[in-house]
Amino acid sequence: TLEGARLYQETVAGLTGILQQKTELQSILQPRIKKAQKRATSSALLHFRAFFDDRLVQLDRHLASAKMEAALALEETLRGSFINMEKEFPGTSGHFNQILKRLHFLKDRADRAASLQQQLRGQFLAVPSHSGWFMMKTEVSQEFYVAIMDTPNPSRSKGIGLPVESVSHINAQEFAVRAGWLLGMRAQLPDLEHFQSATGPTSTFGDILLESSTGTVPVAGGRPGPHGFIHLWGNVSEWLAASKVDSLGKASHVGGHFLDTQEGLFREPVRALNVNDRSRLIGFRVVIKAPVQ
């Protein structure tokens, strides 16, 4: 496919040369030039999609095995490949924006990627009854959110160790994607089944482990639940993965916040809000689909 792309480019160059000498043939040659250029681009994209897909699998393997030096070396090589691709086939790099965004995410954190990954990897506990799924034992803190997202702290109640809040569902999803880039494995927001498995059964008010507070408290400062997770109930409510049936632009959040009561959460543990809304009472945590090495 790459050789085919180059042959189409030669065709474009040859026809363009003829057209410059014989402008009266424009109506005949111009459509052929456009067609050859389109085929050159499509052939090049076919080749490079397969090329980058293969290299990204290698990158994920390095990251999942905590081989950060090898991952960063491959990331640098891939950025060089993008430069060469764009030089030879102008306009093709625009079809790989998400991959470029991922590579620059790692590049911009080269000096701290290993420590960030180590900090994140140490956060996960197995989700009961969900083989291969692991969930953060705490809510995402403000400090870690800023480190991953390249954005000022959006929280209204700022403080060291406090959960990030005032983030939209879209913001939380983007964080999960970036966490996956850093870990080399699939990452997302939890679904309701993850949450319910982590809390254990809640057949009475007393099963809801809600610690009283007048505001948010540090994410690691609460009492662990039966499976080791902290603040599944209270502190800040937490965004869940969006359901495919959400037709009004809404997503669910669960677990309640520091203003909630056991009785209120028992009656209504799951609530919904527009995916663009930012509430000072809502934060999130992340789940991954892979064992942490």
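Reader: Why is Phe-144 called buried, and what about Phe-175?

Author: Phe-144 and Phe-175 are both buried, which means that each has under 20% relative accessible area (over 50% is exposed, in between is partly exposed; 1.4 Å probe, protein chains only). This is a predicted model, where local features need pLDDT of at least 70, side-chain atom pairs count only at pLDDT 80 or more, and totals for chains, interfaces and linings use all residues. Residues are numbered from 1 along each chain as its sequence is written, and side-chain values use heavy atoms, leaving out hydrogens and water.

Reader: What makes Phe-144 and Phe-175 an aromatic pair, and of which kind?

Author: Rings of Phe, Tyr and Trp (its six-membered ring) pair if their centres lie within 6.5 Å; planes under 30 degrees apart are stacked, over 60 edge-to-face, the rest tilted. Here the centres are 6.3 Å apart and the planes 65 degrees, so the pair is edge-to-face. Phe-144 sits in helix α6 (residues 142-149) and Phe-175 in helix α7 (residues 169-183), so the pair ties together parts 31 residues apart in sequence. Helices are DSSP runs of H or I with at least four residues, and strands are runs of E with at least two, numbered from the N terminus.

Reader: How do you know that the span of helix α3 agrees with its number of residues?

Author: The expected span is 1.5 Å times one less than the number of residues. For the 21 residues of α3 (residues 68-88) that gives 30 Å, and the end C-alpha atoms are 30 Å apart, so the two agree.

Reader: Why do strands β4 and β5 count as paired?

Author: Pairing takes at least two bridges found by DSSP. Two bridges join β4 (residues 237-239) to β5 (residues 250-254), so the antiparallel strands pass.
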